[in-house]
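Colleague: I would like to go through the helix contacts and the salt bridges in this model. Please give the reasoning along with each value.

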Amino acid sequence: MSNSDAKGFTGMAVLGKQERERIARAALARLMEPQDSVGLALVRAVGAIDALGIATGELRAGPNLEREISAMLVDGGGPSSWAGLPASLRRWAPRITDLAPDRDLETMNRLDGRLIIPGDELWPEQLEALGLQEPLCLWWRGREQPLPSVGHTIALVGSRDSTSYGASVTGDFAYGLAQRGFTVVSGGAYGIDAHAHRGALSGGVASMPTIAVMAGGVDRFYPSGNEDLLRAVSTQGAVMSEVPPGSAPTRYRFLQRNRIIAAFASVTVVVEARWRSGALNTAHHAETIGRVVAAVPGSIHSANSAGCHRLLRDGGAVCVTDVGEIAELAGAIGESTSEDRDAGAAAVHDGLSLEDLILLDALPLRSASSVEKLTVVAGLSVDAVRAGLGRLGLMGLASSERGAWKRAKTS
């Protein structure tokens with residue numbers, strides 16, 4: 001996209017495709033808010049480089065592009081109707097003059113960080129579960145090393161105003177999980193998040209004991225009271241965000257980053273949460289993409305446990321009271337830490353088609369799910385889900401309870 005050089009995207013024409021893609025996604029991350037469904041659909045439709053050209057007015061949109069975006073929005077669970085591409089272009093226009101991806105990438109270099117994008121060797125494959133809402137990129141502050149797989153990652157989330165009970169439980173869980181080689185992911189905030197990161201740093205035996213997913217830019221450790229903690233996380237683990245350096249951690253962005261926390265982990269554990277809590281938002285994202293949600297019971301008199309009890313009562317969460325139970329849940333959905341179990345699982349799954357593997361991953365472990373819900377989680381048609389459930393049932397991998405389905409227990 002030669003015209004991009006005029007807007008300060010220096011040297012793009014002489015770079016390789018993946019590096020041009022990196023610069024384009026860096027610019028788009030500043031142009032568009034997280035979970036901008038239209039923008040994400042535009043990138044999927046034409047690629048990041050041409051999407052940047054269209055979004056900045058350097059390229060003209062093709063005649064069928066709006067129809068393609070509309071179909072993606074419907075398939076991806078986005079709005080069924082939208083104002084059209086011209087309205088989005090007007091929405092993005094005020095930010096065009098602020099685009100300076102070279103500057104943002106240089107900031108990351110100064111911080112000994114990096115920008116990773118889909119297609120990079122380091123890109124976490126588990127984020128693909130988010131479908132259309134997969135982030136454009138991740139700004140990563142910390143030592144460059146492979147990120148843990150979904151089966152080796154646990155999310156611990158909860159209230160900012162945690163009680164002594166919540167702090168104690170979180171610290172014990174994080175320390176115990178890290179001792180078992182799990183990576184603990186949380187949001188870097190006060191309360192439960194901070195206790196999760198501290199416990200993981202204390203107990204960590206893996207190369208990356210903890211990951212903090214931030215709502216603002218990683219150039220600033222926020223909140224300021226957690227600066228020393230987050231600095232330690234960036235040194236021993238990783239601090240990540242989908243928004244570029246200098247971005248403010250707005251309330252909207254706090255809610256949006258929760259989906260990334262949920263997608264990183266095989267199990268999301270809500271330790272403490274009020275009746276209306278951001279932690280419940282993370283749990284919702286986890287459930288939507290077919291991951292396990294767990295909750296810690298508390299006192300019936302504690303407002304900080306009301307959200308956990310709500311999850312347990314509504315059947316959306318598994319009750320957990322110790323580290324072993326969490327590790328068991330992770331082992332059931334993710335990759336086992338035992339080579340023998342890995343070999344056994346591989347033997348069972350070898351004969352499955354791609355659609356059946358996707359459907360198997362979408363099946364819940366405890367409470368059964370309807371065919372309609374499985375079509376949403378797996379992204380398959382109703383007919384494909386019904387046929388796949390029949391095959392998985394015959395293989396002993398799925399079981400039915402009153403018309404709903406869950407993953408069958410296997411030895």
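Modeller: Buried means under 20% relative accessible area, exposed over 50%, and partly exposed in between. The model is a predicted one.

Colleague: With that cut-off, is Asp-104 buried or exposed?
Modeller: The relative accessible area of Asp-104 is 2%. The limit for a buried residue is under 20%. Asp-104 is therefore buried.

Colleague: Which residue does the side chain of Asp-104 meet in a salt bridge?
Modeller: Side chains of opposite charge can pair when their charged atoms come close. Here the N to O distance is 2.9 Å. The partner of Asp-104 is Arg-30.

Colleague: How many residues apart in sequence are the parts that this pair ties together?
Modeller: Arg-30 is buried as well, with a relative accessible area of 17%. Arg-30 lies in helix α1 and Asp-104 in helix α6, so the pair links parts whose separation in sequence is 74 residues.

Colleague: How are the axes of α1 and α6 placed, roughly parallel or roughly perpendicular?
Modeller: Two packed helices are described by the angle between their axes and the distance between the axes. The axes of α1 (residues 17-31) and α6 (residues 101-110) come within 9 Å and cross at roughly 100 degrees. Angles of 65 to 115 degrees count as roughly perpendicular. The relation of α1 to α6 is therefore roughly perpendicular.

Colleague: How many residues of the contact of α1 with α6 are charged?
Modeller: From α1 the contact takes Ile-23, Ala-26, Ala-27 and Arg-30, and from α6 it takes Pro-101, Asp-102, Arg-103, Asp-104 and Leu-105. Five of the contact residues are nonpolar and none is polar, while the number of charged ones is four.

Colleague: Which residue forms a salt bridge with Glu-21?
Modeller: The closest N and O atoms of the pair are 3.0 Å apart. Both residues lie in helix α1, four residues apart, about one turn of the helix. Both are buried. The partner of Glu-21 is Arg-25.

Colleague: What is the relative accessibility of Arg-274, the partner of Asp-161 in a salt bridge?
Modeller: Asp-161 and Arg-274 have their closest N and O atoms 3.0 Å apart. Asp-161 lies in the loop between β3 and α7 and Arg-274 in the loop between β7 and α11, so the pair ties together parts 113 residues apart in sequence. Asp-161 is partly exposed, at 40%. Arg-274 also counts as partly exposed, and its relative accessibility is 36%.

Colleague: How many residues of the contact of α2 with α5 are nonpolar?
Modeller: Helices α2 (residues 37-46) and α5 (residues 85-92) pack at about 110 degrees, with their axes 11 Å apart, and they are therefore roughly perpendicular to each other. Val-38, Gly-39 and Leu-42 in α2 meet Ser-88, Arg-91 and Trp-92 in α5. Two of these contact residues are polar and one is charged, and the nonpolar ones number three.

Colleague: How many of the 12 residues of α8 are buried?
Modeller: Helix α8 covers residues 192-203, and its expected span of 16 Å agrees with the 16 Å between its end C-alpha atoms. Among its buried residues are Asp-193, His-197 and Leu-201. The helix is mostly covered, and its buried residues number nine.

Methods
Residues numbered from 1 in each chain as written. Predicted model: local features only at pLDDT ≥ 70, side-chain atom pairs only at ≥ 80, totals over all residues. Heavy atoms only, no water. Axes fitted to C-alpha atoms, helices over the stretch in contact; angles between N-to-C directions. Helix = DSSP H or I, 4+ residues; strand = E, 2+ residues; numbered from the N terminus. Parallel < 35°, antiparallel > 145°, perpendicular 65-115°, else oblique. Contact = heavy atoms within 4.5 Å. Nonpolar A, V, L, I, M, F, W, Y, C, P; charged D, E, K, R; others polar. Salt bridge = Lys/Arg side-chain N within 4 Å of Asp/Glu carboxyl O. Buried < 20%, exposed > 50% of the residue type's maximum accessible area, 1.4 Å probe, protein only. Expected span 1.5 Å × (residues − 1).
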